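Me: I am new to this one. Could you walk me through it, one question at a time?

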2 protein chains.
Amino acid sequence: MAGILYGVGVGPGDPELLTLKALRLLQGAPVIVYPAPLEGESFARSIVAPHLPGGQIEIALRMEMNAAGFPNDAVYARGARDIGAHLDAGRDVVALCEGDPFFYGSFMYLYARVAQSHRVEVVPGVSSLTACAGVLGAPLASRGDRLAVLPATLPPERLRAALAEADAAAIIKVGRHLPKIRTLLKHLGLLGAARYIERATLANQRILDIDEALAGEAPYFSMVLVHRRGAAWR
Amino acid sequence: MAGILYGVGVGPGDPELLTLKALRLLQGAPVIVYPAPLEGESFARSIVAPHLPGGQIEIALRMEMNAAGFPNDAVYARGARDIGAHLDAGRDVVALCEGDPFFYGSFMYLYARVAQSHRVEVVPGVSSLTACAGVLGAPLASRGDRLAVLPATLPPERLRAALAEADAAAIIKVGRHLPKIRTLLKHLGLLGAARYIERATLANQRILDIDEALAGEAPYFSMVLVHRRGAAWR
């Protein structure tokens, strides 16, 4: 009987934000697969490292982690082939996904390839979206709020139009786009109603005003949360 | 030393989608508090019921569960007083929150009252947003998508404007607003690109076309997911 590929959300960073289901699948699977940079540690693997039982086959999908987040087709194609071989041999495979697999995750590139020929199940995880709101100490959205989730990589005019239609917004993948975000928020009169969060739920998490954040270097995994009703968390 | 109020996300419904942190806090707290209907079982409590150690003080915030989701001020005020008394006596309190506490959750009404005088921490949970995408088997959003989260309770013109600016949308709190949603999606040419999901991750979950869903009665906790690129899940 063929194995199953599980796309498992491992949450935003704190290893304790793994779900019970993720833990069970992770510890029971003979094979785990995860994205990783060309050299060095995989963030997804580091989240679950305290829970790994050892002795599992590990497939690291090593690729250039560029800010645009473009997929590396050859890496995913080879990864899907390797995964398919394990599934055909009756071995379940757990793919580790930062946050949630279907919330702007790279799991979709594996899913698209493997689901054509094999059974794939998705286990949702805690996303960075709610993790950031939690550490900020302010509701992400409530009651009748229109919430917009916007990749910072979009052109300014598309960001502006969506921000104008929203009560609350989460701007994700901030990284080097922070100056553009600042200009937009200033024009819209929302600079004081925005906060910058990086590495939420990790020991080195930071919460900053936009101008404080501009003084440093924003990592790719950072987020700006905005709410029109403003500084509920002050 | 005063206790801490923890607002703990318990996920969308499957008891196995609780996080390890939620489980630890839940099982260690001398007091738990949760929203409940005037009569009958609390959904939040039912999610964690398999994990309860027994012997805990339980505070049920019983209130009319109306579709508009308006808070019952008197119930929350009394609940906050009761919680404050336990915290003052040095007892930690865990507030059970369906999904995530800060994602359209009623926890904000307790938070607003208790955080003024006591320490409150929020533990994020798996939200219905990503749980629905998971059971649907299609990415909620990816790459440069603008994602809109929209309460179905909004007037049609505000829903229409936000839908027009988005690549993907999650329409939440659907319930009796489904006919209005159908009309809007039809006008926008998005009817075929939308799916209705109720009770995601529970044994009785259902995934339907909008017209199939209209034939039945949509519960308050139901969602419509839309993606402009359409029927990736067909």
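Me: How many of the residues of helix α4 of chain B are buried?
Reply: This is a predicted model. Helix α4 of chain B spans residues 107-114. The helix is mostly covered, and of its 8 residues the buried ones number 6.

Me: Which residues of α4(B) are those buried ones?
Reply: Look along the helix from its start. The buried residues are F107(B), M108(B), Y109(B), L110(B), Y111(B) and V114(B).

Me: What covers the buried residues of α4(B)?
Reply: Both helix and strand elements of chain B take part. The cover includes the helix α3 (73-88). It also includes the strands β1 (5-9), β4 (93-97) and β5 (120-123).

Me: Which residues of helix α1 of chain B are buried, and how wide is the arc they fall within?
Reply: Helix α1 of chain B covers residues 20-28, and its buried residues are K21(B), A22(B) and L26(B). Seen down the axis of α1(B), the buried residues line one face of the helix, because they fall within an arc of 125°.

Me: What covers the buried residues of α1(B)?
Reply: The cover is drawn from chain B. It includes β1, β2 (31-36), α2 (43-48), β4 and β5.

Me: Where is Y104(B), and is it buried or exposed?
Reply: Y104(B) sits in the loop between β4 and α4 of chain B. Its phi is near 55°, a positive value in a residue other than glycine. Y104(B) has 24 C-beta neighbours inside 10 Å, and 20 or more make a residue buried. So Y104(B) counts as buried.

Me: And K173(B): what is its phi, and is it buried or exposed?
Reply: K173(B) lies in the loop between β7 (168-172) and α7 (178-187) of chain B. Its phi is near 55°, a positive value in a residue other than glycine. Inside 10 Å there are 22 C-beta neighbours, so K173(B) counts as buried.

Me: Turn to chain A. How many residues of strand β4 of chain A are buried?
Reply: Strand β4 of chain A runs over residues 93-97. V93(A), A95(A) and C97(A) point one way, V94(A) and L96(A) the other, and all are buried. The strand is largely enclosed by the rest of the structure, because the buried count is 5 of the 5 residues.

Me: Which strands pair with β4(A) in the parallel sense?
Reply: Strand β2 of chain A (residues 31-36) pairs with β4(A) over 3 bridges, in the parallel sense. There, V31(A) has V93(A) as its bridge partner. Another parallel pairing has 5 bridges, with V8(A) opposite L96(A). Its strand, residues 5-9 of chain A, is β1.

Me: Which residues does I171(A) touch, leaving out those up to four places away in sequence?
Reply: I171(A) lies in strand β7 of chain A, residues 168-172. I171(A) is buried, with 27 other C-beta atoms within 10 Å. Its contacts are L150(A), A152(A), I181(A), M223(A) and V224(A).

Me: How many residues of the two domains of chain A are in contact?
Reply: The domain assignment gives domain 1 (5-123) and domain 2 (128-227). Their centres, over C-alpha atoms, are 27 Å apart. In contact are 10 residues of domain 1 and 13 of domain 2.

Me: Which element supplies the largest share of the side of chain A that touches chain B?
Reply: In contact are 42 residues of chain A and 42 of chain B. The chain A side divides into 25 nonpolar, 10 polar and 7 charged residues. The largest share is 5 residues, and they come from β6(A).

Me: What does β6(A) pair with in chain B, and which residue stands opposite A148(A)?
Reply: β6(A) is joined by 3 bridges to strand β6 of chain B, residues 147-151. The two run antiparallel. Opposite A148(A), in β6(B), stands A148(B).

Me: What rotation superposes chain A on chain B?
Reply: The copies meet through the same surface, because 100% of the interface residues of chain A are also interface residues in chain B. The shift along the axis is 0.0 Å and the RMSD is 0.0 Å, with a rotation of 180°. The two copies are thus related as by a two-fold rotation axis.

Notes. Residues are numbered from 1 along each chain as its sequence is written. Chains are lettered from A and ligands numbered from 1 in the order in which they are written. This is a predicted model: local features need pLDDT of at least 70, side-chain atom pairs count only at pLDDT 80 or more; totals for chains, interfaces and linings use all residues. Domain bounds come from an automatic or database domain assignment. Two residues are in contact if their C-beta atoms, placed from the backbone, lie within 7 Å. Copies are superposed by least squares on the C-alpha atoms of residues with pLDDT of at least 70 in both. Helices (H or I, at least four residues) and strands (E, at least two) are DSSP runs, numbered from the N terminus. Ala, Val, Leu, Ile, Met, Phe, Trp, Tyr, Cys and Pro count as nonpolar, Asp, Glu, Lys and Arg as charged, and the others, Gly among them, as polar. Two strands pair if DSSP finds at least two bridges between them. A residue is buried if 20 or more other C-beta atoms lie within 10 Å of its own, exposed if 12 or fewer, and partly exposed in between; C-beta atoms are placed from the backbone. The arc is that of the directions from the helix axis to the C-beta atoms.
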